Amino acid sequence: VDFDIQGAGNSNAMLHGLRFTGLSLPSNAVVTRAQIEFTVRDVEDDTAVPLIIQGEKRDSGDFKNGNNKVSERTRTDAAVAWTLFGDYSNGDKVLTTDVSDIVSEIISDASWNPSGGGEDDIVFIVDPGTGSSDGHFELYTYDGASGVGSRPTLYLEYYVGTAPAEY
């Protein structure tokens, strides 16, 4: 299983969902940077693929049940553009643009409470949007990864309380 990222000009373009579970990010955290790192599995067409990344307002579980389709999930207002392009090889790492606005919107919801038994999962939705790109990239997912080092990773930088001093 992998993320088969295809441009909107390709007839097989589709939404993809990505879920990070068990996060202990405090609800009062100020997220200064957040990025997702993927590992490239294959590149079939390195034409640039413009994508839109959003989050799910409240995690509604894994993607295995029929009622948990990515297209039916309520998306965050926050969205970021990310263009995937380049001549990558199997095993190369690629980072998204900063998704901190998406993370901030999710953790500011009243249901976010990892220490109190509340919500502690973040779902990202990757949308090929519109356009005519025929680009085609395959990225490893958690289920399809060949090892822990190939799984998608969410990198977060944040602080709680007073902002750290700048040097």
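Seven is a good number to start with: 7 bridges join E4 to E5, and these two strands run antiparallel. Helices (H or I, at least four residues) and strands (E, at least two) are DSSP runs numbered from the N terminus. The model is a predicted one, in which local features need pLDDT of at least 70 and side-chain atom pairs count only at pLDDT 80 or more, while totals for chains, interfaces and linings use all residues. Residues are numbered from 1 along each chain as its sequence is written, and side-chain values use heavy atoms, with hydrogens and water left out.

E4 and E5 belong to an open sheet of 4 strands, arranged in the order E2-E7-E4-E5 with antiparallel pairing; two strands pair if DSSP finds at least two bridges between them. In general, strands of a sheet pair through backbone hydrogen bonds, either parallel or antiparallel. Here strand E2 (16-20) and E5 are the edge strands, each pairing on one side only. From one strand to the next, the twist averages 25°. Across the E4 and E5 pairing, Leu51 stands opposite Trp82 in E5. H1 packs on this sheet, where the helix touches E4, E5 and E7, and its direction makes about 160° with that of E5. Such angles run from 0 to 180 degrees between N-to-C directions, with axes being lines fitted to C-alpha atoms, for helices over the stretch in contact.

The helix itself offers a clear view of this packing. In H1 (residues 100-107), the residues Ser100, Ile102, Val103, Ile106 and Ile107 are buried, meaning under 20% relative accessible area, whereas exposed is over 50% and partly exposed lies in between (1.4 Å probe, protein chains only). Seen down the axis of H1, the buried residues fall within an arc of 160°, so they line one face of the helix; the arc is that of the directions from the helix axis to the C-beta atoms. The cover over these buried residues includes E3, E4, E5, strand E7 (122-127) and strand E9 (153-159).

One residue of H1, Ile106, also meets Glu56, which is in contact with Arg73, Thr74, Thr76, Ile106 and Val123 when neighbours within four places in sequence are left aside. Contact means heavy atoms within 4.5 Å. Glu56 lies in strand E4 (residues 49-56) and, at 3% relative accessibility, counts as buried.

The largest nonpolar core holds 33 residues, of which Ile5, Phe124 and Leu139 touch the most other members. Such a core is a set of buried Ala, Val, Leu, Ile, Met, Phe, Trp, Tyr and Cys residues joined through side-chain atoms within 4.5 Å. E3 gives the largest share, 6 residues. Leaving aside neighbours within four places in sequence, Phe124 is in contact with several residues, including Leu18, Phe20, Ile36, Ile53, Ile102 and Val103.

Finally, the structure holds 3 aromatic pairs. Rings of Phe, Tyr and Trp (its six-membered ring) pair if their centres lie within 6.5 Å; planes under 30 degrees apart count as stacked, over 60 as edge-to-face and the rest as tilted. Phe38 and Trp82 have ring centres 6.0 Å apart and planes at 10°, so this pair is stacked. The pair links Phe38 in strand E3 (residues 30-45) with Trp82 in strand E5 (residues 75-84), 44 residues apart, and both Phe38 and Trp82 are buried. For Tyr88 and Phe137, the centres are 6.4 Å apart and the planes at 65°, so the pair is edge-to-face.
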